Amino acid sequence: MTTIFHKIIRREIPADIVYEDDDIIAFRDIAPQAPVHVLFVPKTDVATLNDLREEQAAVVGRLAFAAARYAKEQGFAEDGYRIVMNCNEHGGQTVFQIHLHLLAGAQLGRFGTPG
Ligand code: 5GP
């Protein structure tokens, strides 16, 4: 699979990378929706949450754990934050490699359908 996130993993395009290990990369969203907006992306290829197999469930757990650890390291864990995974059209997914959004740094609005 090749998405923009695979190109970031392969260093073919630049990104502001804040964390990386053997399984995960995390970098700042190019169009931030909050003062802190970091994307946590697994290096395992999974296009959407619908494609995640049961034996791959730990992939998502690692993303959530890494996001919480980052929040603690950066000092906003107690204030709070939001993690989001969008799936397909109605979820607003635009990049088809699963990823977890970490949003923080201000009081966040509610979410769901507009209005
Ligand atoms: P989705 O809409 O699929 O849940 O989230 C994709 C996210 O990737 C969007 O928030 C979008 O701003 C971000 N994004 C798209 N292209 C790039 C890029 O080239 N670099 C970075 N850092 N983020 C990107």
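The legends below describe close-up views of a predicted model, going from the ligand to the pockets, the cavity and two backbone angles.

**View 1. The ligand and the residues that surround it.**
In this predicted model, the ligand is surrounded by 16 residues, and the closest of them are Arg28, Asp29, Asn86, Thr94 and His101. When the residues of this shell are sorted by class, eight are nonpolar, six are polar and two are charged. Helix H1, which spans residues 4-9, and strand E2, which spans residues 24-28, are the elements that give two or more residues to the shell. Of the elements, H1 gives the most, with three residues.

**View 2. Contacts to oxygen atoms of the ligand.**
Two of the contacts shown here come from the backbone, and one comes from a side chain. At glycine 92, a backbone N or O atom lies 2.9 Å from an oxygen atom of the ligand, while at threonine 94 a backbone N or O atom lies 2.7 Å from an oxygen atom of the ligand. Histidine 101 takes part through its side chain, where a polar atom lies 2.8 Å from an oxygen atom of the ligand. On its own, the ligand has 520 Å² of accessible area, and the protein covers 83% of that area.

**View 3. The largest pocket, where the ligand sits.**
Which pocket holds the ligand? The ligand sits in the largest pocket, whose volume is about 740 Å³. This pocket is lined by 32 residues, and those that lie nearest its centre are Asp29, Gln33, His37, Leu39 and His101. Two of these names, Asp29 and His101, also appear among the residues closest to the ligand. The elements that give two or more residues to the lining are H1, E2, strand E3 (36-42), strand E4 (81-84), helix H3 (88-91) and strand E5 (100-104). The largest share of the lining, three residues, comes from H1, the helix that also gives the most to the shell around the ligand. By class, the lining of this pocket divides into 16 nonpolar, 12 polar and four charged residues.

**View 4. The second largest pocket.**
The volume of the second largest pocket is about 160 Å³. Its lining is made up of Phe76, Asp79, Gly80, Tyr81, Arg82, Ala104, Gly105, Ala106, Gln107 and Leu108. Sorted by class, five of these lining residues are nonpolar, three are polar and two are charged.

**View 5. A cavity in the model.**
How many cavities of 30 Å³ or more does a search of the whole structure find? The search finds one, and the largest cavity has a volume of about 40 Å³. The residues that line the largest cavity are Leu49, Met85, Asn86, Cys87, Gln93, Ile98 and His99, and one of them, Asn86, is also listed among the residues closest to the ligand. Four of the residues in this lining are nonpolar and three are polar, whereas no charged residue belongs to the lining.

**View 6. Two residues with a positive phi.**
Most residues other than glycine have a negative phi. Arginine 11, however, has a phi near 60°, a positive value in a residue other than glycine, and arginine 11 is placed in the loop between H1 and strand E1 (17-20). Where is asparagine 88 placed? Asparagine 88 lies in helix H3, and its phi, near 60°, is likewise a positive value in a residue other than glycine.

Methods:
Residues numbered from 1 in each chain as written. Predicted model: local features only at pLDDT ≥ 70, side-chain atom pairs only at ≥ 80, totals over all residues. Heavy atoms only, no water. Near = heavy atom within 4 Å. Polar contact = N/O pair within 3.5 Å; in protein donor to acceptor, adjacent residues only side chain to side chain. Areas by Shrake-Rupley, 256 points an atom, 1.4 Å probe, with all protein chains shown as cover. 1 Å grid on protein atoms, 1.4 Å probe; cavity = no way out; pocket = protein on both sides within 12 Å on 5 of 7 lines; lining within 4 Å. Sits in = over half its atoms within 2 Å of the grid points. Helix = DSSP H or I, 4+ residues; strand = E, 2+ residues; numbered from the N terminus. Nonpolar A, V, L, I, M, F, W, Y, C, P; charged D, E, K, R; others polar. Points joined across faces, edges and corners; volume = space filled by probe spheres on them.
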